[in-house]
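Subject: Handover of a structure and findings

Dear colleague,

Please find below the structure that I am handing over to you. My findings follow it, grouped by region.

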Amino acid sequence: MVNKYVTGDEIRAAFLKFFAERGHRVIPSSSLLPQGDPTLLFTSAGMVQIKPYFLGEKLPPNPRLASCQKCFRTTDIESVGDLNHLTFFEMLGNFSVGDYFKQEAISWAWEFVTRWLEIPPSRLWITVFTDDGESFSYWRGLGIPEDRIVRLGERDNFWGPVGNSGPCGPCSEIYYDLGEDIGGGKPDSKPGDDSGRFTEIWNLVFTQYNQDENGYRSRLPKPNIDTGMGLERVTAAVQGKNYVYEADLFKPLLDCISKLAHREYGASSDSDYAMRIIAEHGRGMVFLMADGVMPSNEGAGYVLRRLLRRAMLFSRRLDSDKPFLTEVARATVRQMGHIYPEIVSKEDFIIRVIQSEQIRFQETLDIGLELLDGIMKETTDKKRREISGTDAFRLYDTYGFPIELTREIVSQSGFSVDSDGFEKEMAEQRARARAAHRFTAAIADKGLTSLPKTTFVGYDKFEHKSIIVSLMVDNKSVETIPKGQEASLILKSTPFYAERGGQVGDTGEITGPSGRFSVTNTTPIASVIVHQGVVIEGSLATGDEVNAVVNKERRWDIARNHTATHLLQMALRQLLGKHIHQRGSLVTPERLRFDFPHPTALTTAEIQQLTHIINARIRQNLKVSTKETSYKEALASGAIALFNEKYGDMVRVVSIGSPPISVELCGGTHVASTGEIGLFLIISDSSIGAGLRRIEAVTGRAGEELIHQQSLSLHKICNFLGTTPENISGKVTELVTELGRQRRQVMVLEQELSKQVAMSLLSQVAEVGGVKIVAARVPAYHQEALREMTDILRQQLGSAVIVLGTIYNDRPFFLAAITPDLVGKGYHAGRLVNRVAKIAGGGGGGKARFAQAGGRDKSKLDEALQSVSSQFQV
């Protein structure tokens, strides 16, 4: 009989069918980004979305569940490239929430692998936890010989919690025997001996305990079943393959790479290694980006960037400039899109992100690798085999080399990296960043933290009577403050909103029986709201009953911008995709700012669409409502939480519309309905880092003023050019065309002059050590003209070192070129021009044949050029 379940797709479907027939509810895969679990970076097992059911926090839709879960694990990134390791994989799992337990889980697992998948029992071994006699007896009851059941300890057969805490318990595993010829051919090999002969295909976890963050284990109210079977591994076993990359789940990806590289997979161990990395990382990055991960320098985004850059590095090993990663991404979508439609809908976006990252990293990859070669040479000269933490940090900070990538590259040449030194450099950089942005909260150390929590009453009122509970001057507590005194004032309760969540603090006045205090800023320290400002009349004292009045017009301007920020995120997610989430924001009375992950600048059409979507929602005058609920309930309802923000058990949820078009966790102030925003205008879209964009916009009164000012400017320009607003575009086009024509004429003249200058420099050739050198100051032409001059000199001289200097934009500028024969002898234009430019207070670099640099001190230009003869030998 021919096995009807052979391909990966067939095995996935068969597993879910098998358990559906046994009363299990098949549930869809959750995102690779776990919701509501701060202990996890990625979803690393099928149990992650089941965890709340095991802990009794939520009721399951059915006590028996089954899934095929997308999973990602970061521990194996540097191992990927061998024959088995993966970062992204699919986990088939069946779960019991207080229903069946060991006997059913064991018998069904055996039935599925031997009868449905028809894996010969002679190829299967079983492991159980050391003292789990119950599981042992159930396996024996299925006819499995005692000598094929191996007892292992806690390291191998006790399944800890996913993350720092959660359900855990002993486990039993099914292993597939690859054969006696694997792992040295030892006849007495058994699972657990690390021989490589056995591969685990199914893990049955009997979750009986809950482990807290301190490691204490308590029994769960009801024991549960959590099983996980790697689809890639079991598919390889069914197909008679020893390794996952030989099975059909990876074959289309490896075929794609082979075709592009014009190399057969299996022909060379080095190219096979590179192909596996490109295939595995290419597949993994597709699923990460489809679930909203964007390349960055922190968290999940850093892991994605590591995959991208590692795959790009190994693409070079195939000696081809073909677009491996984009084509692997497309192949992944073709192969798996029918199971995971999210990768189909995000395909164009994913390709754009990959292309953007490739361009960005390629710009520094050559220079970084060249620099790394130099570092290894210098390290060898010093009779050391460890790359310093300072050098590793420079590669990371300047050239974008993740420390893991540097470590992997240098290890192939027998070097290590000073990881402690690298971490020290990183810590110092973080300390510098904190110092640059630190808010001085010294007053908190002077007694504010001991004060009772300030009650905020400003969501629905601008004026409120309260009592002064503390006054601070120069970080010291005082009883009274006179006219003209700058101070910090704390009330028992306040309508003033304290700066947080990107929204600036309120301003206004606090009036007491004997004086008035102008509030210029409001900020939180611990649970206390601090009003910062100055006494403008009389005096105030601790214990005074006061009337606190918020600047109403300013608050409304802030509220318009804050609600508009929520509409902006909604519109961006609608237009660009669900990968959009807030990475930073600023809400002021004058404008709003929103930072978000996206690989490219928005087009004019996209900005117009965004503006249209948001203003349409404003005109609909949708109701803005708020409520307090638990954090978990808010996330379950679909509310969007801030990236990497920490929340308490209870949160405030702001919803727009009914049914809502936007639901976010937010503590800020908002308008009552979108119509109060009035008008929304985008004023800029800019890049603030790799894969990060920033939109700035205005609303309400600021939007009205912007239109007024733009209209005035337009009419002034029209008057100056002697045209009308209707004809301004044609007039400007006409002027730009004429200006371009004149610039081209100037460039032609400069090129002719540069040729003459270049020929005149032939008389200034010096010879040092048998090498011809030209180091000269030339007129301030554009850079292309200077390049042509070096080309002429190289052509005329045949073999030479050339360094030209000029004053460009009031700063010294240097261009260096070295002919190929001298490059072959070790001369390097990049290092040469960098040393020359340092004399003029600057620096630069480039490749061995051609490089450029700039300086700061134009008076040092001639001195720098005169140094060339003594510096060109590198």
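A polar contact, as the term is used here, is a pair of N or O atoms within 3.5 Å; within protein, one of the two must be able to donate a hydrogen and the other to accept it. Please bear in mind throughout that this is a predicted model.

**Surroundings of Ser 172**

With that term in hand, I begin with Ser 172, a residue of strand β7, which covers residues 166-177. The side chains of Ser 172 and Trp 139 are joined by a polar contact of 2.8 Å. A polar atom of the Ser 172 side chain also lies 2.7 Å from the backbone oxygen of Thr 127. Is Ser 172 buried or exposed? Its relative accessibility is 0%, and therefore Ser 172 counts as buried. Leaving aside residues up to four places away in sequence, Ser 172 touches Ile 126, Thr 127, Val 128, Trp 139, Asn 157, Trp 202, Asn 203, Leu 204 and Phe 206.

**The sheet of four strands**

Further along the chain there is an open sheet of 4 strands, ordered β23-β24-β29-β28 and paired in antiparallel fashion. Its edge strands are β23 (584-587) and β28 (680-689), each of which pairs on one side only. On average, neighbouring strands of this sheet are turned by 20 degrees against each other, direction ignored. Strand β28 is joined by 8 bridges to strand β29 (residues 692-699), and the two run antiparallel. One of the bridge pairs is formed by Ser 684 and its partner Glu 696 in β29.

Which helices accompany these strands? Helix α17 (residues 604-619) packs on the sheet and touches β28 and β29. The direction of α17 makes about 135 degrees with that of β28. Helix α16 (residues 552-576) lies across β23, β24 (592-597), β28 and β29, and runs at about 25 degrees to β24.

**The sheet of three strands**

A second region to note is an open sheet of 3 strands in the order β25-β26-β27, again with antiparallel pairing. Here the edge strands are β25 (624-630) and β27 (662-665), each pairing on one side only. From one strand to the next, the twist averages 25 degrees. Strand β25 is joined to strand β26 (residues 650-656) by 7 bridges, and these strands run antiparallel. Within this part of the sheet, Glu 628 stands opposite Arg 652 in β26.

**Backbone details in loops**

Some points of backbone geometry remain. Ser 658 and Pro 659 are joined by a cis peptide bond, with omega at about 0 degrees. Pro 659 is placed in the loop between β26 and β27.

Asn 621 has a phi near 55 degrees, a positive value in a residue other than glycine. This residue is found in the loop between α17 and β25. Asn 621 is partly exposed, because its relative accessible area is 44% and partly exposed covers the range between under 20%, which is buried, and over 50%, which is exposed.

Asp 810 likewise has a positive phi, near 65 degrees, and is a residue other than glycine. Its place is in the loop between β32 (801-808) and β33 (811-818).

Yours sincerely

Technical notes:
Residues numbered from 1 in each chain as written. Predicted model: local features only at pLDDT ≥ 70, side-chain atom pairs only at ≥ 80, totals over all residues. Heavy atoms only, no water. Buried < 20%, exposed > 50% of the residue type's maximum accessible area, 1.4 Å probe, protein only. Contact = heavy atoms within 4.5 Å. Pairing = 2+ DSSP bridges. Axes fitted to C-alpha atoms, helices over the stretch in contact; angles between N-to-C directions.
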